[in-house]
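Please look over the points below with the model open beside you. They are written for a reader who is new to structures of this kind.

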Amino acid sequence: MLNFLTRRLVAGLITLFVSLFLMYWLVDIAIDPLKDLRESTAPNKEQLIAARIKLLDLDTNVVVRFFHWFTDVLHGDFGIAWRSGQPVSDLVAHAIGSTLQLVTAATFLSLLLGVVVGIVSALRQYSSFDYLIIFLSFLLYSLPSFWVAVLLKQWVAIGFNDFLADPKFAWTTIAIVAIVAGVLWSLAVGGTAVRRWQVFGISAAATFAMIAYLQVSDFWLEPKIGIVLLAILGAATAFAIAAIFAGLHNRRALYTALTVVAIGVVLYEPMQTVFKGDIFKVGSHGAGWLIFGLAVITLVVGFVVGRLYGGPDWGVSARTGAIVALIMGAMIYVDKVMQLWPPYTKALNGRPIPTFGDRTPELGGNYWVGVLDSFTHLMLPTLTLILIAFAAYTRYSRSSMLEVMSQDYIRTARAKGLPERVVVVRHGFRNTLIPLATIVPIDVITLLGGAVITEAVFARPGMGALFVNSLDGAEINPVMAYLLITASLAIVANIVADIIYASVDPRIRLDA
Amino acid sequence: MRITRKVVAFTAVAAASALALTACSTSDDSSSNPTKTGGDDSGINTETSVNIAWNQPFYSANGTSITGNATANNVILYMLNSQFKYYDENLKLTPDTSFGTYEKVSDDPLTIKYTFADTAQWSDGTPAGPEDLLLEWAAQSGKFNTVEQKTDDEGNVTNQDELNKGVYFDGASPGIALIKETPKIDGKSITFVYSKPFADWDTNIDVNLPAHVVAQRALGITDAKEASDKLIAAIDNNTTADLSKIAKVWSNDFNFVQMPAAADKNLLVTSGPYTITDYVKDQYITLTANPDYKGDHKAVFNKVTVRYNGDPMGQVTALQNGEVDLINPQATADVLTALKKLPNTTVSSGPEGTYEHVDLQFTNGGPFDPKTYGGDKDKALKVREAFLKTIPRQEIVDKLVKPLDPTAAIRNSFTQVPGSPMYDGIVDANGQKAYDTVDIDGAKQLLSEAGASKVKVRLLFDPANTRRQNEYQLIKASAEQAGITVEPYKVQTDWGTDLSNATKFYDAALFGWQSQSTAVTESDANYRTGAANNFYGYSNKKVDSLFDELQTTTDTAKQEEILSGVETELVKDAFGVTIFQFPGVTAYNPTKIGGVSKLTIAPTIFYGFWNWTAGDAAKK
């Protein structure tokens, strides 16, 4: 193991050095720091040019300059972005923060969505649903992100904001949406013709009911979950989670989940008082940590409930409880954020979904307003990233699941009479994740390099924007700092991926 | 698969029961109506402000230092600080008497006296006064600089110790350097004496940074009066120890890219209608009306927020979505088409500060060099004239500029921006109008007179710039008819470097010059023998002597006459042609803001913000 790590690290460092040298050289060719002065008619133009040549040491050979830069970096000094005179380390720190905010949600959501859809698609191989998903994922995969971004701005932001002026769907529209949803569900679930019609009927009716409820309750202007809906959605979640992770015959797990939901519903009103506490008021800090603490407590409570139900297989119950608890907590949190929607919409003249930036200027407001404002600003860029990344994950998980399901050990599991749920979730799903374990770390870490195009289109000040703007402004130091960070992260990601692979798949040994 | 089906069935049942419960749940809404409870303590700011989109963030409150002199800073500073004079709509300098007055006391030696008005005041309550102009002079004149900053390739200062002891102001103005004598302060007035007459004295110097704040920060004095006095003394007596600290504060402290820390709030002291009240890095800067401002340029909007978005189409979408109210995106045909489709939007096009032109090479051994014709100057002149006659200026304007700015016209002056006071007079005099229409027959005749056949012109332009590519195509097609072959030059390093360094490789250059002001001496560097922007070996003794005269002419009528003389020579020598002013587009939401107009040079759309009017939606 140690031997492997040393070998990989040394190779990585050499790669890093060579690539940095090449990049420095190429960037130096690509940029022209004197460009703006050349077209200038300032009377002291020559003096300004001379000053800049001296400032940037442009008379020195690029190789020498590279080594100057490199030694400074070894001493922890990334230099200055000369146009604004700001230290590069400050710029990078700011940019990484913004990028993390954007990339975290996008990665997890697209992973979750991609894996679930991919696996369902694989289980229904060569069905209409499968073909539909294949078509969709190839379509999304081939879309350029700048185009998706512009479409989203036009339809989701401007379209939705226009819709809010008079938020009523025609009943025919709702009916059509309900029918489409019904068709999708019946395709995904499959089975006999009768079963398909049943599923179609139930899910179409349910969808119609949901949208009708939203319409009747004026959800678009005053969105809320409320205690009643919380109970219903919570119960549905409890059954769903218990069915997938434990099987409904496991009564202990089911009761755990339902108990957790009951606790959540009981705590709903007290939590409203907690959320009005001083720490959430305008100008206070630390609310984020409090919420994080509450999330941890929620997980523990769910776990403990499962443990208390006991039984020989209490781990399953505890896990189910923890997941359900987290979902309940999230719903209560979202409900609180939703309560801020009416004043927020009003402050923005009825156009709450923005098309650029990462916050509304001069909005003011308490912690919840801040969260809502971040949500609305993150929505479009996150959607853009999800739509594209989701497609890739669907492809990976589908093919991986197909391969796993044709393995001998799956046949063995079926032959010894295990229920299909156990075969899919325990034997199939877990092994499906092995190839993903190598892809995801690399994806996550390369995404830290910033989604260059997405950030530019939505004017978010992340790593990608830093890179593009610096390149545009002919500032080599921030460009190189960016390349240094992304290159080192890529190397680390590869090593991490190898280690993860070895730890999840016992057939692989690093020291071999 | 049964389980999966069960899951769906359960979810569906659950969702269906949601409907059943809707009826009950609507009634209990009133008891815990979230709208009201959420609205009461949300703390949302309800004050309306006007939002303006701009492409590059502000980074320095010192808009005249070498580092800080950029449009991104100057448009914001225009609203923050008062000055002695402003451009009006016709690019004429107009004094702001509520800040102060200035007058020419004598012509020989040129002596200018600036007097501060009683209403001139910094936002911390300190009156603005002569020490502010004195500091600006000290910083820009170069008189006090004892060391030069040395840096490594990182931009890190390497001779910090030396700089700590010495004086280095990050500013340089050749015009201010002409004021050699330390200016005299008399009460509220300060008098500058020029060592020689200077044509652009009225755009030469103005108030920039608050001297008392610079002194307070540099010398560690809290009292404003005492700090200013110490600063005046340091400049009068050339006290290196104090000046060194003052220079450092002047050069560095005012560069910031987000709200300064509470201890540095005095960096935000301004003398104009607005002060910076919020600045989020790379996102927006908010200016709030300065309650202590007593001048004439009263703020119309209590709050102006400038939001940063570098994507032109992104600005258009943001305008459509009501996130910004006024935009000035980089003009492309797509942007204009998109803007025209927007309801409730006022769109206007107009010229910007950069102008396109073609210059010819006189001394590179090419077709325009007399040497090619055995030193026969007339022959070379005829070939130059022939080539210029074929340049389809009107066609270029019609095809490439009018789609973006329907009012676009050929620019006919080598020195003045269209719309500036001298433009019409100079254009009438210089004779460049003769090149307005293409004259293929005339060109052919000139070529045959010169006995030049198969003339080949290598045209330098930025190959990555689509518009210049298209211009080249039009020029090429037109010149071909007269038997002149135009081809792109072979790029050596990059076009900008080649312009000055690879003169052997091109015969004509097609690019843009950017006008910063209406200063008449600005064009000196372009056309004088051996000057910085004269890459073409062009030399005309008469032009040189006219420029010498212009430098010291302070009378505007005389200045116009001299510039007309210069341009007439340029046209006579077939130096080149000017083609068009870059088109720009402005769009705004009239329900939020009105009275917007735009200057061709900085502050562009921010011009005359005191004449803006609040639209109906902004008044609420």
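1. pLDDT is the predictor's confidence in each residue, on a scale from 0 to 100. The model is predicted, so that local features need a pLDDT of at least 70 and side-chain atom pairs count only at pLDDT 80 or more, while totals for chains, interfaces and linings use all residues. Residues are numbered from 1 along each chain as its sequence is written, and chains are lettered from A and ligands numbered from 1 in the order in which they are written.

2. Chain B has an average pLDDT of 86, with 90% of its residues scoring at least 70. Among the elements of chain B (helices are DSSP runs of H or I with at least four residues, strands are runs of E with at least two, both numbered from the N terminus), the lowest mean pLDDT, 40, belongs to helix H2 (residues 34-40), and the highest, 95, to strand S11 (residues 326-327). Over residues 7-39 of chain B the pLDDT stays under 50, and the model has 55 contacts beyond four places in sequence for this stretch, a contact being two residues whose C-beta atoms, placed from the backbone, lie within 7 Å.

3. In chain B there are 20 helices and 18 strands, and the C-alpha trace spans about 100 × 80 × 45 Å along its principal axes. Of its 620 residues, 51% count as buried, meaning that 20 or more other C-beta atoms lie within 10 Å of the residue's own, whereas 12 or fewer make a residue exposed and counts in between make it partly exposed, with C-beta atoms placed from the backbone.

4. The complex is given an ipTM of 0.84 and a pTM of 0.84 by the predictor. Where the chains touch, 95 residues of chain A and 87 residues of chain B take part, and on the chain B side helix H1 (residues 2-27) gives the most, with 21 residues.

5. Which residues of H19(A) are buried? They are A:Met463, A:Gly464, A:Ala465, A:Leu466, A:Phe467, A:Asn469 and A:Ser470. Because seven of the ten residues of helix H19 (residues 463-472) of chain A are buried, this helix is largely enclosed by the rest of the structure. The cover over these buried residues includes helix H5 (88-123) and helix H17 (420-448) of chain A.

6. A:Asp278 lies in the loop between helix H11 (251-274) and helix H12 (287-309) of chain A. A:Asp278 is exposed, because 7 other C-beta atoms lie within 10 Å.
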